[in-house]
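Dear colleague,

Please find below the structure that I am handing over to you, with its sequence. My notes on what was found follow directly after it.

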Amino acid sequence: MAADRPRPPADLLTGAALFLDFDGTLVELAESPDAVAVDARLRALLHRLSRLLDGRIAIISGRPVDGVHALIGDASLAVAGSHGLEIRWPDGRIDVPERPEGFSRIVTQMQHFANSRPGVIVEEKPFGAALHYRNRPEAMAESHALAAAIAEGDGHYLQHGKMMVEVRLGGADKGSALKTLMEAPEMAGARPVFIGDDVTDEPAMAAAAALGGAGVLVGDARDTAAIYRLPDVAAALAWLDAACPA
Ligand SMILES: O=P(O)(O)OC[C@H]1O[C@H](O[C@H]2O[C@H](CO)[C@@H](O)[C@H](O)[C@H]2O)[C@H](O)[C@@H](O)[C@@H]1O
(Lines give C-alpha, C1' and ligand atoms only; values in the text may rest on other atoms or scores of the structure.)
Protein backbone atom coordinates (compact mmCIF):
# COMPACT_ATOMS: atom_id res chain seq x y z
CA MET A 1 0.00 0.00 0.00
CA ALA A 2 1.32 3.47 -0.92
CA ALA A 3 2.42 5.72 1.95
CA ASP A 4 0.06 8.65 2.44
CA ARG A 5 1.14 12.29 2.25
CA PRO A 6 0.20 15.13 4.64
CA ARG A 7 -1.92 18.13 3.73
CA PRO A 8 0.15 20.97 2.32
CA PRO A 9 0.94 23.65 4.92
CA ALA A 10 -1.02 26.91 4.70
CA ASP A 11 2.12 28.92 3.86
CA LEU A 12 3.35 26.67 1.02
CA LEU A 13 2.74 29.39 -1.57
CA THR A 14 4.90 31.98 0.18
CA GLY A 15 7.74 32.72 -2.24
CA ALA A 16 6.42 30.07 -4.61
CA ALA A 17 5.85 29.80 -8.34
CA LEU A 18 2.58 27.92 -8.71
CA PHE A 19 1.99 25.35 -11.48
CA LEU A 20 -1.48 23.90 -11.80
CA ASP A 21 -2.79 20.92 -13.69
CA PHE A 22 -6.27 21.56 -15.13
CA ASP A 23 -8.60 18.52 -15.53
CA GLY A 24 -9.12 16.65 -12.27
CA THR A 25 -7.34 19.38 -10.29
CA LEU A 26 -9.09 22.71 -10.99
CA VAL A 27 -12.22 21.21 -12.56
CA GLU A 28 -14.04 17.95 -11.95
CA LEU A 29 -13.66 15.31 -14.63
CA ALA A 30 -16.64 15.25 -16.97
CA GLU A 31 -18.05 12.76 -19.47
CA SER A 32 -16.24 14.32 -22.44
CA PRO A 33 -13.45 16.85 -23.07
CA ASP A 34 -16.00 19.53 -24.08
CA ALA A 35 -18.21 19.02 -21.04
CA VAL A 36 -15.96 20.64 -18.41
CA ALA A 37 -17.14 23.85 -16.84
CA VAL A 38 -15.09 26.78 -15.54
CA ASP A 39 -17.18 29.01 -13.32
CA ALA A 40 -16.71 32.64 -12.34
CA ARG A 41 -15.39 31.56 -8.93
CA LEU A 42 -12.49 29.62 -10.46
CA ARG A 43 -11.68 32.48 -12.84
CA ALA A 44 -11.62 34.91 -9.90
CA LEU A 45 -9.46 32.51 -7.88
CA LEU A 46 -6.88 32.32 -10.68
CA HIS A 47 -6.73 36.13 -10.84
CA ARG A 48 -6.26 36.39 -7.07
CA LEU A 49 -3.53 33.74 -7.12
CA SER A 50 -1.76 35.59 -9.92
CA ARG A 51 -1.86 38.82 -7.91
CA LEU A 52 -0.70 37.07 -4.71
CA LEU A 53 2.23 35.50 -6.56
CA ASP A 54 3.14 38.55 -8.68
CA GLY A 55 2.36 36.58 -11.84
CA ARG A 56 4.36 33.48 -10.84
CA ILE A 57 1.62 31.12 -11.96
CA ALA A 58 1.06 28.81 -14.92
CA ILE A 59 -1.22 25.97 -15.96
CA ILE A 60 0.46 22.80 -17.22
CA SER A 61 -2.05 20.70 -19.11
CA GLY A 62 -2.48 17.89 -21.58
CA ARG A 63 -4.88 20.21 -23.38
CA PRO A 64 -3.55 22.63 -25.98
CA VAL A 65 -2.72 26.20 -24.87
CA ASP A 66 -5.62 27.68 -26.87
CA GLY A 67 -8.03 25.22 -25.31
CA VAL A 68 -6.95 26.11 -21.77
CA HIS A 69 -7.14 29.85 -22.51
CA ALA A 70 -10.64 29.45 -23.98
CA LEU A 71 -11.83 27.50 -20.95
CA ILE A 72 -10.46 29.89 -18.33
CA GLY A 73 -11.43 32.97 -20.35
CA ASP A 74 -8.00 34.57 -19.93
CA ALA A 75 -5.43 34.43 -22.70
CA SER A 76 -2.81 36.24 -20.60
CA LEU A 77 -2.04 33.35 -18.24
CA ALA A 78 1.17 31.36 -18.82
CA VAL A 79 0.33 27.84 -19.99
CA ALA A 80 2.33 24.79 -20.96
CA GLY A 81 -0.06 22.89 -23.20
CA SER A 82 -0.14 19.55 -25.01
CA HIS A 83 1.73 17.83 -22.16
CA GLY A 84 4.53 20.42 -22.29
CA LEU A 85 5.01 20.51 -26.06
CA GLU A 86 3.65 24.09 -26.31
CA ILE A 87 4.84 26.87 -23.99
CA ARG A 88 3.03 30.19 -23.62
CA TRP A 89 5.49 32.22 -21.53
CA PRO A 90 4.45 34.79 -18.90
CA ASP A 91 5.54 37.61 -21.28
CA GLY A 92 3.26 36.34 -24.05
CA ARG A 93 5.81 34.57 -26.26
CA ILE A 94 4.67 31.21 -27.57
CA ASP A 95 6.94 28.27 -28.42
CA VAL A 96 5.37 25.46 -30.42
CA PRO A 97 7.00 22.57 -32.24
CA GLU A 98 6.28 21.89 -35.88
CA ARG A 99 3.20 19.74 -36.37
CA PRO A 100 4.41 16.54 -37.99
CA GLU A 101 2.61 15.21 -41.03
CA GLY A 102 0.46 12.18 -40.46
CA PHE A 103 -1.70 13.18 -37.50
CA SER A 104 -4.75 13.67 -39.73
CA ARG A 105 -4.38 10.06 -40.84
CA ILE A 106 -4.16 8.97 -37.18
CA VAL A 107 -7.38 10.87 -36.43
CA THR A 108 -9.05 9.13 -39.37
CA GLN A 109 -7.89 5.72 -38.11
CA MET A 110 -9.17 6.47 -34.62
CA GLN A 111 -12.47 7.83 -35.93
CA HIS A 112 -12.98 4.69 -37.99
CA PHE A 113 -12.44 2.65 -34.79
CA ALA A 114 -14.79 4.89 -32.76
CA ASN A 115 -17.56 4.79 -35.38
CA SER A 116 -18.26 1.15 -34.59
CA ARG A 117 -18.02 1.70 -30.81
CA PRO A 118 -20.67 4.22 -29.76
CA GLY A 119 -19.52 6.25 -26.77
CA VAL A 120 -15.86 6.29 -27.74
CA ILE A 121 -14.74 9.86 -28.52
CA VAL A 122 -11.81 10.95 -30.67
CA GLU A 123 -10.13 14.17 -29.56
CA GLU A 124 -7.98 15.81 -32.22
CA LYS A 125 -5.14 17.82 -30.73
CA PRO A 126 -2.42 19.96 -32.34
CA PHE A 127 0.29 17.39 -31.67
CA GLY A 128 -1.67 14.25 -31.07
CA ALA A 129 -4.96 12.42 -31.08
CA ALA A 130 -6.72 10.79 -28.15
CA LEU A 131 -9.27 8.02 -27.74
CA HIS A 132 -11.64 8.61 -24.82
CA TYR A 133 -13.55 5.57 -23.54
CA ARG A 134 -15.07 7.03 -20.33
CA ASN A 135 -18.55 6.43 -21.79
CA ARG A 136 -17.68 2.95 -23.05
CA PRO A 137 -15.22 1.42 -20.53
CA GLU A 138 -15.40 -1.97 -22.23
CA ALA A 139 -13.51 -0.42 -25.16
CA MET A 140 -10.46 0.22 -22.97
CA ALA A 141 -8.33 -2.74 -24.04
CA GLU A 142 -9.05 -2.26 -27.75
CA SER A 143 -8.42 1.49 -27.50
CA HIS A 144 -5.05 0.89 -25.84
CA ALA A 145 -4.12 -1.75 -28.40
CA LEU A 146 -4.96 0.54 -31.32
CA ALA A 147 -3.13 3.54 -29.85
CA ALA A 148 -0.08 1.42 -29.00
CA ALA A 149 0.05 0.01 -32.54
CA ILE A 150 -0.22 3.49 -34.08
CA ALA A 151 2.39 4.95 -31.73
CA GLU A 152 4.82 2.13 -32.41
CA GLY A 153 4.23 2.15 -36.15
CA ASP A 154 4.60 5.92 -36.50
CA GLY A 155 7.33 6.42 -33.88
CA HIS A 156 5.18 8.60 -31.65
CA TYR A 157 4.74 8.75 -27.87
CA LEU A 158 2.01 6.71 -26.19
CA GLN A 159 0.42 8.89 -23.51
CA HIS A 160 -1.83 7.33 -20.92
CA GLY A 161 -4.49 9.35 -19.12
CA LYS A 162 -7.72 8.98 -17.19
CA MET A 163 -10.11 6.86 -19.29
CA MET A 164 -8.17 7.88 -22.39
CA VAL A 165 -5.09 7.02 -24.36
CA GLU A 166 -3.30 9.39 -26.68
CA VAL A 167 -0.76 9.16 -29.49
CA ARG A 168 1.31 12.31 -29.47
CA LEU A 169 4.57 13.88 -30.47
CA GLY A 170 7.28 13.08 -27.92
CA GLY A 171 10.11 15.23 -26.64
CA ALA A 172 8.41 16.91 -23.70
CA ASP A 173 6.44 16.12 -20.60
CA LYS A 174 5.03 18.09 -17.70
CA GLY A 175 8.37 17.88 -15.87
CA SER A 176 10.29 19.44 -18.76
CA ALA A 177 7.53 22.06 -19.04
CA LEU A 178 7.88 23.05 -15.38
CA LYS A 179 11.66 23.28 -15.68
CA THR A 180 11.36 25.37 -18.85
CA LEU A 181 8.85 27.79 -17.32
CA MET A 182 11.06 28.16 -14.23
CA GLU A 183 13.64 29.74 -16.58
CA ALA A 184 11.31 32.71 -17.17
CA PRO A 185 12.64 35.88 -15.50
CA GLU A 186 9.28 36.22 -13.71
CA MET A 187 9.95 32.94 -11.85
CA ALA A 188 13.53 33.77 -10.76
CA GLY A 189 14.30 32.80 -7.18
CA ALA A 190 10.91 31.16 -6.61
CA ARG A 191 10.23 27.69 -5.25
CA PRO A 192 8.04 25.66 -7.65
CA VAL A 193 4.84 24.13 -6.32
CA PHE A 194 2.94 21.84 -8.69
CA ILE A 195 -0.59 20.60 -8.02
CA GLY A 196 -2.02 17.74 -10.08
CA ASP A 197 -3.98 14.52 -10.05
CA ASP A 198 -2.90 12.23 -12.89
CA VAL A 199 0.05 9.94 -13.59
CA THR A 200 0.95 12.40 -16.38
CA ASP A 201 1.57 14.91 -13.58
CA GLU A 202 4.25 12.81 -11.86
CA PRO A 203 7.20 14.22 -13.91
CA ALA A 204 6.15 17.71 -12.79
CA MET A 205 5.89 16.62 -9.14
CA ALA A 206 9.42 15.23 -9.40
CA ALA A 207 10.72 18.33 -11.20
CA ALA A 208 9.23 20.63 -8.54
CA ALA A 209 10.90 18.63 -5.76
CA ALA A 210 14.23 18.54 -7.65
CA LEU A 211 14.17 22.34 -7.84
CA GLY A 212 13.61 22.68 -4.09
CA GLY A 213 9.83 22.90 -4.21
CA ALA A 214 7.04 20.40 -3.82
CA GLY A 215 4.30 18.51 -5.58
CA VAL A 216 0.76 18.23 -4.24
CA LEU A 217 -1.23 15.19 -5.32
CA VAL A 218 -4.99 15.64 -5.75
CA GLY A 219 -6.86 12.39 -5.20
CA ASP A 220 -6.44 9.11 -3.38
CA ALA A 221 -3.05 8.08 -1.95
CA ARG A 222 -0.81 6.26 -4.42
CA ASP A 223 2.86 5.90 -5.27
CA THR A 224 3.83 9.47 -6.11
CA ALA A 225 6.65 11.98 -6.23
CA ALA A 226 4.32 14.45 -4.49
CA ILE A 227 5.19 15.54 -0.96
CA TYR A 228 1.65 16.57 -0.02
CA ARG A 229 -1.87 15.40 -0.83
CA LEU A 230 -5.37 16.85 -1.01
CA PRO A 231 -8.24 14.39 -1.43
CA ASP A 232 -10.17 15.88 -4.35
CA VAL A 233 -10.87 18.89 -6.57
CA ALA A 234 -13.06 20.55 -3.93
CA ALA A 235 -10.26 20.28 -1.35
CA ALA A 236 -7.70 21.62 -3.82
CA LEU A 237 -9.88 24.64 -4.65
CA ALA A 238 -10.61 25.27 -0.95
CA TRP A 239 -6.90 25.11 -0.10
CA LEU A 240 -6.01 27.54 -2.92
CA ASP A 241 -8.89 29.79 -1.88
CA ALA A 242 -7.66 29.89 1.71
CA ALA A 243 -4.19 30.86 0.46
CA CYS A 244 -5.58 34.07 -1.06
CA PRO A 245 -8.94 35.01 0.46
CA ALA A 246 -11.08 37.47 -1.57
O1 LIG B 1 -3.29 17.60 -17.96
P2 LIG B 1 -4.73 17.88 -17.73
O3 LIG B 1 -5.06 19.35 -17.71
O4 LIG B 1 -5.28 17.16 -16.55
O5 LIG B 1 -5.46 17.29 -19.03
C6 LIG B 1 -5.50 15.87 -19.20
C7 LIG B 1 -6.51 15.52 -20.26
O8 LIG B 1 -7.73 16.14 -19.85
C9 LIG B 1 -8.85 15.95 -20.69
O10 LIG B 1 -9.28 14.59 -20.58
C11 LIG B 1 -9.71 14.28 -19.26
O12 LIG B 1 -10.78 15.15 -18.89
C13 LIG B 1 -12.01 14.95 -19.65
C14 LIG B 1 -12.98 16.01 -19.18
O15 LIG B 1 -13.17 15.95 -17.80
C16 LIG B 1 -12.51 13.53 -19.40
O17 LIG B 1 -13.71 13.32 -20.13
C18 LIG B 1 -11.44 12.54 -19.82
O19 LIG B 1 -11.86 11.21 -19.49
C20 LIG B 1 -10.11 12.83 -19.11
O21 LIG B 1 -9.07 12.00 -19.60
C22 LIG B 1 -8.54 16.32 -22.11
O23 LIG B 1 -9.61 15.95 -22.94
C24 LIG B 1 -7.24 15.75 -22.61
O25 LIG B 1 -6.89 16.34 -23.86
C26 LIG B 1 -6.12 16.05 -21.63
O27 LIG B 1 -4.91 15.46 -22.08
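**An exposed residue in a loop**

Asp-54 counts as exposed, because 10 other C-beta atoms lie within 10 Å of its own. Please bear in mind that this is a predicted model. Asp-54 belongs to the loop between H1 and S2. Its phi is near 50 degrees, a positive value in a residue other than glycine.

**Two domains**

The domain assignment divides the protein chain into domain 1 (16-97 + 172-243) and domain 2 (103-168). Their centres, taken over C-alpha atoms, are separated by 25 Å. Where the domains meet, 14 residues of domain 1 are in contact with 14 residues of domain 2. On the side of domain 1 that touches domain 2, the residues comprise 6 nonpolar, 6 polar and 2 charged.

**The sheet of 8 strands and its helices**

One open sheet has 8 strands in the order S5-S4-S3-S2-S1-S10-S11-S12, and its pairing is mixed. Strand S5 (94-95) and strand S12 (228-230) are the edges; each has a single partner strand, so one side of each is left without a neighbour in the sheet. Within this order, strand S3 (residues 78-81) and strand S4 (residues 86-88) are antiparallel and pair over 3 bridges. In this pair, Ala-80 stands opposite Ile-87 in S4.

Helix H2 (residues 65-72) lies across strand S2 (57-60), S3, S4 and S5, and runs at about 135 degrees to S3. Which residues of H2 are buried? They are Val-65, Gly-67, Val-68, Leu-71 and Ile-72. These residues cover an arc of only 165 degrees around the axis, which means that they are on the same side of H2. As a general point, an α-helix has 3.6 residues a turn, so residues three or four places apart point the same way. The cover over the buried residues of H2 includes helix H1 (40-52), together with S2, S3, S4 and S5. Just after H2, Gly-73 has a positive phi of about 65 degrees.

Helix H7 (residues 233-243) lies across strand S10 (191-196), strand S11 (214-218) and S12, and its direction is at about 110 degrees to S12. Ala-238 is placed in helix H7. Is Ala-238 buried or exposed? Ala-238 is exposed, because it has 12 other C-beta atoms within 10 Å. The C-alpha atoms of Ala-238 and Gly-153 are separated by 45 Å, and these two residues are 85 residues apart along the chain.

**The sheet of 4 strands and its helices**

A further open sheet has 4 strands in the order S6-S7-S9-S8, with antiparallel pairing. Its edge strands are S6 and strand S8 (157-161), each of which pairs on one side only. From one strand to the next, the twist averages 20 degrees.

The pairings can be followed along the order of the strands. Strand S6 (residues 121-125) runs antiparallel to S7, to which 5 bridges join it. A hairpin of 2 residues links S6 to S7, and Glu-123 stands opposite Ala-130 in S7. S7 is in turn joined by 5 bridges to strand S9 (residues 164-168), again antiparallel. Here the bridge partner of His-132 is Met-164 in S9. S8 and S9 also pair in the antiparallel sense over 5 bridges, with Tyr-157 opposite Arg-168 in S9.

Strand S7 (residues 128-132) is mostly covered, since 5 of its 5 residues are buried. In a regular strand the side chains alternate between the two faces of the sheet. In S7 both faces are covered: Gly-128, Ala-130 and His-132 are buried on one side, and Ala-129 and Leu-131 are buried on the other.

Two helices lie against this sheet. Helix H3 (residues 103-115) lies across S6, S7 and S9 and runs at about 10 degrees to S7. Helix H4 (residues 140-154) packs on the sheet and touches S7, S8 and S9; its direction makes about 10 degrees with that of S9.

**A second loop residue with positive phi**

Met-163 lies in the loop between S8 and S9. The phi of Met-163 is near 55 degrees, a positive value in a residue other than glycine. Met-163 counts as partly exposed, because it has 15 C-beta neighbours inside 10 Å.

With kind regards

Note on methods:
Residues numbered from 1 in each chain as written. Predicted model: local features only at pLDDT ≥ 70, side-chain atom pairs only at ≥ 80, totals over all residues. Domains from an automatic or database assignment. Contact = placed C-beta atoms within 7 Å. Nonpolar A, V, L, I, M, F, W, Y, C, P; charged D, E, K, R; others polar. Pairing = 2+ DSSP bridges. Axes fitted to C-alpha atoms, helices over the stretch in contact; angles between N-to-C directions. Buried ≥ 20, exposed ≤ 12 C-beta atoms within 10 Å, placed from the backbone. Arc of directions from axis to C-beta.
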